[in-house]
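Hi everyone, thanks for having me. I'd like to walk you through one structure today, so please take a look at the screen.

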Amino acid sequence: MEEEEESPTELNTINGLSSFVVISPDKLSLKYTGVSQHGHDVGVVQANKPAPCNRIAYYFEIYVKDAGVKGRVSIGFTTDSFRIARHPGWELNTCGYHGDDGLIYLGKRQGEAFGPTYTTGDTVGGGINYDSQEFFFTVNGTLVGTVSKYIKGPLFPTVAVHSQNEEVTVNFGQEKFAFDFKGYESSERNKQQIAIEKISIPSNMSLGLVKNYLLHYGYEETFHALDLATNSTVPPINGTQEDGIEDTSYALHERKNFRQLIGKGEIDAALAKLRDCYPQLVQNDKSEVCFLLHCQKFIELVRIGALEEAVKYGRVELAKFLGLAAFQVIVEDCFALLVYERPQESNVGYFLEESQREVVADAVNAAILSTNPNGKNQWHFHLETLLRQLTACCLELRSLNDGQGEAFSLHRLLTTTNWKRTKKTGKL
């Protein structure tokens, strides 16, 4: 997950401020104060920060409070090297939509036909679609059009005024937009989803991926039920995929039993079974598997309120990991459970959730798979391999787009897909 970027919040009143404008005290309005004798008498101001780029799109708006004598208001995007004396769009590596002629200017004085003119009382918006690599502009809540985003690097929302009494206010999101920007973002994601759904995947291939997943994680009963239900309805998958499924079935029944024991919090039984069946995994009492199981035993004691027993267990089994850098933080967080009267509501309460048992069960499952003498590479199941490839492709695409665009998020993708399915069927 990437850190959240800072967004523009106000007009820049420090660097390169034009001498032809006055900025309001809240730094959200500008008014032209020059006499507009020639093309360099432009009152232009950038936002205090560039548009954030690790997202699907960015957008801001201006309200034309007064179009002044000639209505030469413009809105657009410029780089940090922009010369503060010209309209956005008139200089190289800038883009601007101008109100007096409705033209779009892309780095030169000659504009191109684009949209309607705008004047006093109009709300105009400018945005960047990082997915399609386009600029888009709106007037009074309606999308006017798009143009190619030919400029690289961070871009600053920029506003200009150029005749007497022209005055505009800027909305960086502190007020509701006239344009349905959230709906626009949703629509753009829908386009992505529709494109994905048009890709045809043979049912036997997707079934093979699901079976491989179930076998990899030891869900024996579910695998057999699925196998029984689909044997007569789905054609068999090819030999290579069948071999992958067979490899992953190593110690399936035992791995299922370990998952069930850990899932019920029976850690002592799981440790005893490991010592009997896979002694090499617990031979080193400071191994990762031992560490996770001892932590989970401590957590289970806290869960049932056996705090004195938890303290004794921690002093014997967890204390040995305190000097090891890889385990230090987790051990300290486990011990922190003892501090709270209601640990499940604390910042370390996630240890007491069912998902924590799943983490330990997955680790034990992977450790057992690693003991397969015929196993080639079973640390990752086929679906995870595809997911890694998808992530790599998304990163490469962002790299080609100058590092801009929304980072791939499996959680967001699954949440969106589930929400659409729920809305369509009425069922979770």
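Let's begin with the sheet: in what order do the seven strands of the open sheet come? Before I answer, please keep in mind that this is a predicted model. Reading across, the order is β1-β2-β13-β4-β9-β10-β11, and the pairing is antiparallel. At the edges you find β1 (21-23) and β11 (142-148); each has a single partner strand, so one side of each is left without a neighbour in the sheet. From one strand to the next, the twist averages 20 degrees.

Now let's zoom in on one pair. Strand β9, residues 123-129, runs antiparallel to strand β10, residues 134-139, and six bridges join them. If you'd like a spot to find on your screen, Val124 stands opposite Val139 in β10.

What packs on this sheet? That is helix α1, residues 181-197, which touches β4, β9 and β10. The direction of helix α1 makes about 150 degrees with that of β4.

Staying with β4, let me introduce a residue: Asp66, found in this strand, which covers residues 57-66. Is Asp66 buried, exposed or partly exposed? Its relative accessibility is 31%, and because buried means under 20% and exposed over 50%, Asp66 counts as partly exposed.

Who are its partners? Leaving aside residues up to four places away in sequence, Asp66 touches Thr120, Asn165, Glu166 and Glu167. Take Asn165: 99 residues separate it from Asp66 in sequence, yet their C-alpha atoms are 6.8 Å apart in space. Finally, a polar atom of the Asp66 side chain lies 2.7 Å from the backbone nitrogen of Gly68.

Note on methods
Residues are numbered from 1 along each chain as its sequence is written. This is a predicted model: local features need pLDDT of at least 70, side-chain atom pairs count only at pLDDT 80 or more; totals for chains, interfaces and linings use all residues. Side-chain values use heavy atoms; hydrogens and water are left out. Helices (H or I, at least four residues) and strands (E, at least two) are DSSP runs, numbered from the N terminus. Buried means under 20% relative accessible area, exposed over 50%, partly exposed in between (1.4 Å probe, protein chains only). Contact means heavy atoms within 4.5 Å. A polar contact is a pair of N or O atoms within 3.5 Å; within protein, one must be able to donate a hydrogen and the other to accept it, and residues adjacent in sequence count only if both atoms are side-chain atoms. Two strands pair if DSSP finds at least two bridges between them. Axes are lines fitted to C-alpha atoms, for helices over the stretch in contact, and angles run from 0 to 180 degrees between N-to-C directions.
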